[in-house]
Amino acid sequence: MSTAVPIVSPAAAPTRKFGFGHWWDRLSIYLPVLLMMLLALASYWLLRATPEAEQPAAERPVTHEPDYFMKRFSVKVFEPGGALKTELFGTEARHHPDTSTLVVDAARIRSFNPQRQLSTATAKMITSNDAGTVFVLEGDAAVVRQAGRGPSGQPLARMEFHGEYLRVSVDPDHVMSDKPVLLVRDKDQITANTLDYQGDTRVAVMTGQVRARFAPR
């Protein structure tokens with residue numbers, strides 16, 4: 001007895017269908033890798049597109065070249081109450097940053113102390129520190145202090161200092177020179193090779209070929 005076996009042709013075999021879900025499953029396997037690649041490319045593009053930060057400029061060495069200047073000027077400084085304290089005139093001024101000094105040509109300074117005693121200073125060139133507490137007068141230098149009264153009311157005689165070089169300090173009050181000077185007090189005149197005058201004690205120390213001429217009393 002024989003059994004017949006049905007023959008199924010290849011055309012009749014069932015076919016497998018691949019839908020959207022199948023492809024999404026396969027794509028999801030590689031999706032993290034693709035995202036990492038996209039992020040890497042985006043980061044690279046941002047780095048290329050972002051301009052480089054400017055490097056801080058190197059500090060320039062401080063030189064003696066003036067960082068500012070003035071010509072034919074007048075500068076006034078007033079007290080809080082409005083009274084004139086100091087006035088500076090000059091044909092030209094130059095500020096040197098390396099020494100923190102102001103150099104004024106053909107300079108003239110008018111200054112009032114708290115007792116309103118007037119002092120004037122003139123010279124071919126005056127050099128001052130930035131704080132305005134020290135002044136170096138060179139060339140036909142002269143400092144004149146008008147008569148007045150001291151802090152306690154005592155009378156102060158008119159005084160003049162003349163020379164080719166004078167160094168004046170404001171605080172403390174000090175006038176000195178290591179070159180020949182002329183000191184005039186009222187009508188008395190004294191010449192010497194050096195001068196050291198202390199304003200708080202009103203004592204002048206003069207050395208080297210000292211000559212004095214006193215007016216009759």
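**Fold elements**

I started with the secondary structure: the protein chain has 14 strands and one helix. I'm working from a predicted model here, so local features need a pLDDT of at least 70. The chain has 217 residues, and 27% of them count as buried. I also looked up the surface: about 16000 Å² is accessible, and carbon and sulfur atoms make up 60% of that.

**Contacts along the chain**

Next I checked sequence separation. Taking contacts with a separation of 6 or more, I find that 33% join residues 24 or more positions apart.

**The largest nonpolar core**

Which residues touch the most other members of the largest nonpolar core? I get Leu137, Phe161 and Leu166, out of 26 residues in that core. I then asked which elements give two or more residues to this core. My list has strands S2 (84-96), S3 (101-112), S4 (118-129), S5 (134-145), S8 (159-169), S10 (181-185), S11 (188-192) and S12 (194-198). As a reminder to myself, nonpolar side chains tend to be buried together in soluble globular proteins.

**Leu137**

I pulled the contacts of Leu137, leaving aside neighbours within four places in sequence. Among them are Ala121, Thr122, Ala123, Met125 and Ile126. Leu137 is also in contact with Ala142 and Val143, and with Glu164, Tyr165, Leu166 and Val168.

**Ala121**

Ala121 came up in that list, so I followed it, given that its 12% relative accessibility makes it buried. I find Ala121 in strand S4. Skipping residues up to four places away in sequence, Ala121 touches Ala107, Arg108 and Ile109, plus Ile126, Leu137, Ala142 and Val143. I also checked the spacing from Ala121 to Val168: 47 residues in sequence, and 9.4 Å from C-alpha to C-alpha.

**Positive phi**

I went through the backbone angles next. Most residues other than glycine have a negative phi, which made me note the exceptions below.

Where is Ser100 placed? I find Ser100 in the loop between S2 and S3. Ser100 isn't a glycine, yet its phi is positive, about 50°. Is Ser100 buried, exposed or partly exposed? I put Ser100 down as partly exposed because its relative accessibility is 34%, and the partly exposed class runs between 20% and 50%.

Asp140 is another residue other than glycine with a positive phi, near 50°. I place Asp140 in strand S5, one of the strands that give two or more residues to the core.

How values were computed: Residues numbered from 1 in each chain as written. Predicted model: local features only at pLDDT ≥ 70, side-chain atom pairs only at ≥ 80, totals over all residues. Heavy atoms only, no water. Core = buried A, V, L, I, M, F, W, Y, C linked by side-chain atoms within 4.5 Å. Buried < 20%, exposed > 50% of the residue type's maximum accessible area, 1.4 Å probe, protein only. Helix = DSSP H or I, 4+ residues; strand = E, 2+ residues; numbered from the N terminus. Contact = heavy atoms within 4.5 Å. Areas by Shrake-Rupley, 256 points an atom, 1.4 Å probe, with all protein chains shown as cover.
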